[in-house]
Amino acid sequence: MTDTDAPAALAEPTTRVRGGWTSLLFVANIGLWLGIYAPIQVLLPEQAELLNAGHKELVFGIVTGVGAVVSLFANPLVGLASDRTRSRFGRRHPWTLAGAVLGAVGLLVLAMAGNVVVMTVGWCLVQAGLNGMLATLTSAVPDRVPVEQRAQIGGLVGISQMLGTVLGAVVVTVLVTSLPGGYIACAVVVVLGAIAFVVRTPDLALPKTWRPSNRWRDVLAELWVSPREQPDFMWAWGCHFLINLGNALGTFYLLFFLKDAVHYPDPDTGLLIMMGLYGVALVIGGLTVGWLSDRSGRRKPYVYLAVIVMAAAAFVLTIWQTWPAALAASPLLGVGFGAYWAVALAILTQVLPAAQDRAKDLGVVNIANLLPQVIAPLAATIILANLGGYPALFGAAGVATLAAGGLIIGVKKVR
């Protein structure tokens with residue numbers, strides 16, 4: 001390995017990725033999101049109710065909130081570590097596999113958890129491992145995908161998140177009905193997806209002669225992105241944060257919403273129906289907008305469209321807490337979120353400050369995806385108990401989503 005290899009690892013990609021690479025990234029992301037959202041949507045709420053039925057919302061909020069705090073540190077730190085890794089196996093792949101294994105261990109701990117403390121420890125391990133995996137899989141896009149193809153790939157990444165969520169719900173409510181079996185199934189899928197991507201795709205290595213500073217002050221300083229020096233990055237980050245906050249407020253408590261507000265007779269099946277409608281619409285929105293955005297080179301108009309549609313879905317549930325309203329809101333939210341994700345990754349990777357810090361900076365971006373997991377459970381618990389219940393919760397989701405559209409105006413580098 002020579003110094004001439006450094007530009008190959010850090011240069012802006014120009015060759016379009018092919019279907020095989022895209023498919024493997026897609027599969028790895030499905031496993032990742034299944035490992036996160038099957039527990040969040042189904043397994044953790046059910047386990048919280050089993051452990052403490054009288055305070056199930058509080059237990060769920062504590063477990064997911066503490067786990068999300070762990071994820072806030074894991075994502076950028078693993079990203080920073082992978083940016084500086086000079087292994088002959090590449091920069092990203094070793095961390096992708098390690099993250100998948102750690103996440104699987106956490107899922108196995110959850111399968112055996114008999115109290116809230118062990119449940120919290122297990123979920124923290126899941127969040128640490130899978131968010132490290134998320135940092136490296138996300139950085140594969142700017143590492144390998146040229147700008148003119150990123151909206152289409154971004155749309156597929158968004159679809160993988162949805163499919164992971166929907167397939168996770170199917171796995172743990174239809175195929176594997178026991179709580180421990182559901183966690184074990186998630187662990188297997190996570191590891192298999194990571195292995196397929198790591199074994200079958202290239203990962204350019206940095207040269208051994210590349211020597212980043214190892215002084216702890218320099219390393220910690222790399223985690224900071226100055227809003228004054230990188231305003232486009234920070235406006236895009238703020239938009240991404242509010243979109244995900246609105247989505248978290250609107251989706252985290254859907255199972256309890258169907259049980260306690262809609263009084264749907266079979267909440268698990270109801271959630272599965274909603275996720276199916278959401279998923280089909282997300283695929284349509286992601287693929288359509290990804291193709292249109294790459295073809296036109298424009299990104300921001302599709303963000304505006306997405307926030308309007310997603311906010312409309314939230315306001316439908318603000319006004320009507322009924323099963324027909326839930327059926328109407330699900331595809332609206334799906335098509336809006338799919339449209340947003342198609343352009344979000346393209347926008348965010350186009351405003352990254354430096355090529356050598358891609359994974360670290362995308363780890364900072366992913367904080368905008370993860371911080372709502374800390375805020376939303378706590379905020380939702382307060383709103384549900386004291387500020388108006390489910391109408392207020394969905395109203396807050398709609399307001400946060402609309403505010404995201406205002407922030408994206410500040411991004412100047414992207415049309």
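Seven salt bridges are found when the whole structure is searched. The structure is a predicted model, and the account below takes up several of these ion pairs before turning to the packing of two helices.

One of the salt bridges joins Lys 259 to Glu 49, with 2.8 Å between the closest N and O atoms. This pair connects distant parts of the chain: Lys 259 belongs to helix H10 (residues 254-262) and Glu 49 to helix H2 (residues 19-51), and the two residues are 210 residues apart. Are these partners buried or exposed? Lys 259 has a relative accessible area of 25% and is therefore partly exposed, since the buried class ends under 20% and the exposed class begins over 50%. Glu 49, at 27% relative accessibility, is likewise partly exposed.

A second pair is formed by Arg 299 and Asp 294, whose side chains meet in a salt bridge with an N to O distance of 3.0 Å. Here Arg 299 and Asp 294 are both buried.

Asp 361 and Lys 360 provide a further case, their side chains meeting in a salt bridge at 2.6 Å from N to O. Asp 361 has a relative accessible area of 1%, so this residue is buried. Lys 360 also counts as buried, because its relative accessibility is 3%. Elsewhere, salt bridges with shared partners unite Asp 83, Arg 91, Arg 92 and Asp 143 in one network.

The description now passes from ion pairs to helix packing. Two packed helices are described by the angle between their axes together with the distance between those axes. Helix H6 (residues 150-175) packs with helix H13 (residues 323-350) at an angle of about 125 degrees, and their axes lie 7 Å apart. That angle makes H6 oblique to H13, because it falls outside the range of 65 to 115 degrees for roughly perpendicular helices and is not over 145, as roughly antiparallel helices would require. The crossing of H6 past H13 is right-handed.

Which residues make the contact? On the H6 side they are Arg 150, Ala 151, Gly 154, Gly 155, Val 157, Gly 158 and Gln 161. H13 contributes Phe 337, Trp 341, Ala 342, Leu 345, Ala 346, Thr 349 and Gln 350. Sorted by class, the contact between H6 and H13 comprises seven nonpolar residues, six polar residues and one charged residue. The glycines of H6 are counted among the polar residues in this classification.

Technical notes. Residues are numbered from 1 along each chain as its sequence is written. This is a predicted model: local features need pLDDT of at least 70, side-chain atom pairs count only at pLDDT 80 or more; totals for chains, interfaces and linings use all residues. Side-chain values use heavy atoms; hydrogens and water are left out. Axes are lines fitted to C-alpha atoms, for helices over the stretch in contact, and angles run from 0 to 180 degrees between N-to-C directions. Helices (H or I, at least four residues) and strands (E, at least two) are DSSP runs, numbered from the N terminus. Angles under 35 degrees count as roughly parallel, over 145 as roughly antiparallel, 65 to 115 as roughly perpendicular and the rest as oblique. A crossing is left-handed if the near helix is turned anticlockwise from the far one by less than a right angle, and right-handed if clockwise. Contact means heavy atoms within 4.5 Å. A salt bridge is a side-chain nitrogen of Lys or Arg within 4 Å of a carboxyl oxygen of Asp or Glu. Buried means under 20% relative accessible area, exposed over 50%, partly exposed in between (1.4 Å probe, protein chains only).
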